[in-house]
Amino acid sequence: MLEPTTSTGAATAAVTGVTLVGLLSGLDAGVVIGAFAGAVVFVLSATEFPIWKRLAFFIVAFVLGVLTANFSTSILSTVAPESVTVEKPIGALVSSATIVWILIAVISRAKNPTFNFRGGGK
């Protein structure tokens with residue numbers, strides 16, 4: 001079992017690293033942190049995959065969360081009421097938390113063209 005100081009140190013190093021990447025790379029730091037948080041949410045919810053696959057999915061979710069933040073923000077803005085302002089970090093978080101599940105669904109649909117998303121796989 002890991003010591004609490006080890007876990008806390010690792011979490012602090014991860015958040016510091018993500019923040020520095022956001023600040024030094026010219027990317028919006030909020031988008032980088034949002035994509036990181038969304039990728040963490042995905043990895044924590046994807047317990048049915050082995051650890052090596054979850055790590056690969058984490059990288060994919062993080063990168064795609066940063067790249068699709070604007071698209072997700074525009075979709076969320078159209079769905080949300082006008083009194084709610086959706087910022088890019090929220091779009092990055094939602095995108096990185098859901099993009100791998102969407103890709104898995106599309107791939108399974110392509111592998112099985114008779115599969116119907118509405119039910120009744122006939």
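Select R54 to begin: leaving out residues up to four places away in sequence, R54 touches V43, A46, T47 and F49, where a contact means heavy atoms within 4.5 Å. Before going on, note that this is a predicted model, in which local features need pLDDT of at least 70 and side-chain atom pairs count only at pLDDT 80 or more, while totals for chains, interfaces and linings use all residues. Residues are numbered from 1 along each chain as its sequence is written, and side-chain values use heavy atoms, with hydrogens and water left out.

**Stay on R54**

R54 sits in helix α3. Helices here are DSSP runs of H or I with at least four residues, strands are runs of E with at least two, and both are numbered from the N terminus. Now show the side chain of R54 and the backbone of F49: the side chain reaches the backbone oxygen of F49 at 3.1 Å. What is the nearest side chain of opposite charge to R54? Select E48, which is 7.8 Å away; R54 is buried yet has no salt bridge. A salt bridge is a side-chain nitrogen of Lys or Arg within 4 Å of a carboxyl oxygen of Asp or Glu. For charge, Lys and Arg count as positive and Asp and Glu as negative, with His and the chain ends not counted. Buried means under 20% relative accessible area, exposed means over 50%, and partly exposed is in between, using a 1.4 Å probe and protein chains only.

**Along helix α3**

Next, pick L55, also placed in helix α3, which covers residues 51-67. L55 counts as exposed because its relative accessibility is 52%. Add I51 and W52 to the selection, and you have the three residues that make a nonpolar surface patch of about 380 Å² with L55. Patches are made of residues with over 30% relative accessible area and no salt bridge; like charges are joined within 9 Å, and nonpolar side chains (Val, Leu, Ile, Met, Phe, Trp, Tyr) within 5 Å. Accessible areas come from the Shrake-Rupley method with a 1.4 Å probe, and for residues only the protein chains shown count as cover.Move on to F58, another resident of helix α3. Color F36, A39, V40 and V43, and you will see what F58 touches, not counting residues up to four places away in sequence. F58 and V41 are 17 residues apart in sequence, with 9.4 Å between their C-alpha atoms.

**Across to helix α5**

L64 is found in helix α3 too. Is L64 buried, partly exposed or exposed? L64 counts as partly exposed because its relative accessibility is 24%. Beyond four places in sequence, L64 touches S95, I99 and L103. Try a distance from L64 to A92: C-alpha to C-alpha they are 8.5 Å apart, although 28 residues separate them in sequence.

Now click S95, in helix α5 (residues 88-111). S95 counts as buried because its relative accessibility is 3%. Leaving aside neighbours within four places in sequence, S95 is in contact with L64, G65, T68 and S72.

**Zoom out**

Finally, show the whole chain, which has five helices and zero strands. Buried residues make up 25% of its 122 residues. Among contacts with a separation of 6 or more, residues 24 or more positions apart account for 54%. The chain exposes about 8,200 Å², with carbon and sulfur atoms supplying 72% of it.

Definitions and conventions:
A polar contact is a pair of N or O atoms within 3.5 Å; within protein, one must be able to donate a hydrogen and the other to accept it, and residues adjacent in sequence count only if both atoms are side-chain atoms.
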